[in-house]
Amino acid sequence: MARFGKKPILVPEGVEAKIEDNFIKCKGPKGELVFKFDKNLKAEKKDNTIIFSITKKTKEALKLLGTARSCTINTLYGVKEGYEKKLEIVGVGFKAKLQDKKLVLHLGFSHPCEIKAPEGIEFKITKNIISVLGLDKQIVGIIAAKIRALRPPEPYKGKGIRYFGEHIKKKLGKKAVVSATGAA
C-alpha cells in the first residue's frame with residue numbers, strides 16, 4: 001500500500017500553507033505557489049503538518065497519493081528556498097547573454113536562439129554557466145531541458161550545452177579507432 005504518501009509533511013518555519021478544496025496554497029519568503037491535487041485525495045492540516053489520505057479507494061488514487069505528497073514538499077521548499085538548475089556551455093564561439101527577460105544564445109547556428117523567461121523564472125549568466133532560477137521545480141526543469149535541447153553535447157569533442165557537472169562519455173574518432181586496431 002502507499003506508505004510513503006501517508007507520512008505527515010512538516011511545514012517549514014516562515015511558510016504559510018492553506019488548504020482549500022483540492023488546492024494547497026503556499027506562501028513564503030520567495031513568493032507564492034498553488035498545488036492542485038486529485039479529487040480522490042484529501043489533505044488535512046494539523047498543527048504544523050499536512051497529512052494526505054484517500055477519500056475514494058481506487059488504483060489511481062493509490063498511485064497519486066505519493067505523488068501529491070512529493071509535489072507538496074516541492075512546493076513548500078520552492079516558496080522557502082527556490083530551485084536552481086545550472087547549465088554549462090562548452091565550445092569555441094558558443095556564448096550566452098541576457099536581453100531584457102530573454103536569454104540569447106549563440107550556438108554556431110546562422111541565427112541566435114532566444115528563450116523568453118516565463119513568469120516566475122529568472123536567468124543568470126556567469127562566464128559560460130547559465131543558471132535557471134524559480135519557485136516551481138517542474139518549470140525550472142522544463143526550461144533547463146529546453147535550453148539543453150538547443151545544442152545537446154556531441155560525443156566526439158563534447159561541444160554543446162550540458163548540465164553543470166554532467167559527464168559526457170566521449171567516443172574515439174575514426175583515426176583513433178583505425179590506429180588502435182593496427183590497420184593502416
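The expected span of a helix is 1.5 Å times one less than its number of residues. Helix α3 (residues 137–150) has 14 residues and should therefore span 20 Å, and its end C-alpha atoms lie 21 Å apart, which agrees. Please keep in mind that this is a predicted model. Helix α3 is a good place to begin a tour, since it supplies the largest share of the largest nonpolar core, four residues.

**Helix α3 and its two faces**

- The buried residues of α3 are V140, I143, A144 and I147.
- Viewed down the helix axis, these buried residues fall within an arc of 100°, so they line one face of α3.
- An α-helix has 3.6 residues a turn, so residues three or four places apart point the same way.
- On the face turned away from the buried side, α3 carries the exposed residues Q138, K146 and A149.
- At the start of α3, a side-chain oxygen of D136 comes to within 3.2 Å of the backbone nitrogen of Q138.

**What α3 packs against**

- The partners of the buried α3 residues are strands: β7 (83–90), β9 (102–106), β10 (113–116), β11 (121–126), β12 (129–134) and β13 (160–163).
- Leaving aside residues up to four places away in sequence, I147 touches L87, L103, L105, I115, F123, I130, V132 and I161.

**Nonpolar cores**

- The largest nonpolar core holds 19 residues, and L105, F123, V132 and I147 have the most contacts inside it.
- At least two residues of this core come from each of β7, β9, β10, β11, β12 and α3.
- There is also a second, separate core of 18 residues, with V11, V15, F35 and L76 among them.

**Cysteines**

- With a disulfide taken as a pair of cysteine sulfur atoms within 2.5 Å, the count comes to zero.
- For C26, the closest cysteine sulfur is that of C71, and the 12 Å between them is too far for a bond.
- Looking from the other side, C71 has its closest cysteine sulfur in C26, again at 12 Å and too far for a bond.
- The surroundings of the two residues can be told apart by accessibility: C26 counts as buried because its relative accessibility is 2%, while C71, at 28%, counts as partly exposed.

Conventions: Residues are numbered from 1 along each chain as its sequence is written. This is a predicted model: local features need pLDDT of at least 70, side-chain atom pairs count only at pLDDT 80 or more; totals for chains, interfaces and linings use all residues. Side-chain values use heavy atoms; hydrogens and water are left out. Buried means under 20% relative accessible area, exposed over 50%, partly exposed in between (1.4 Å probe, protein chains only). The arc is that of the directions from the helix axis to the C-beta atoms. Contact means heavy atoms within 4.5 Å. A polar contact is a pair of N or O atoms within 3.5 Å; within protein, one must be able to donate a hydrogen and the other to accept it, and residues adjacent in sequence count only if both atoms are side-chain atoms. A nonpolar core is a set of buried Ala, Val, Leu, Ile, Met, Phe, Trp, Tyr and Cys residues joined through side-chain atoms within 4.5 Å.
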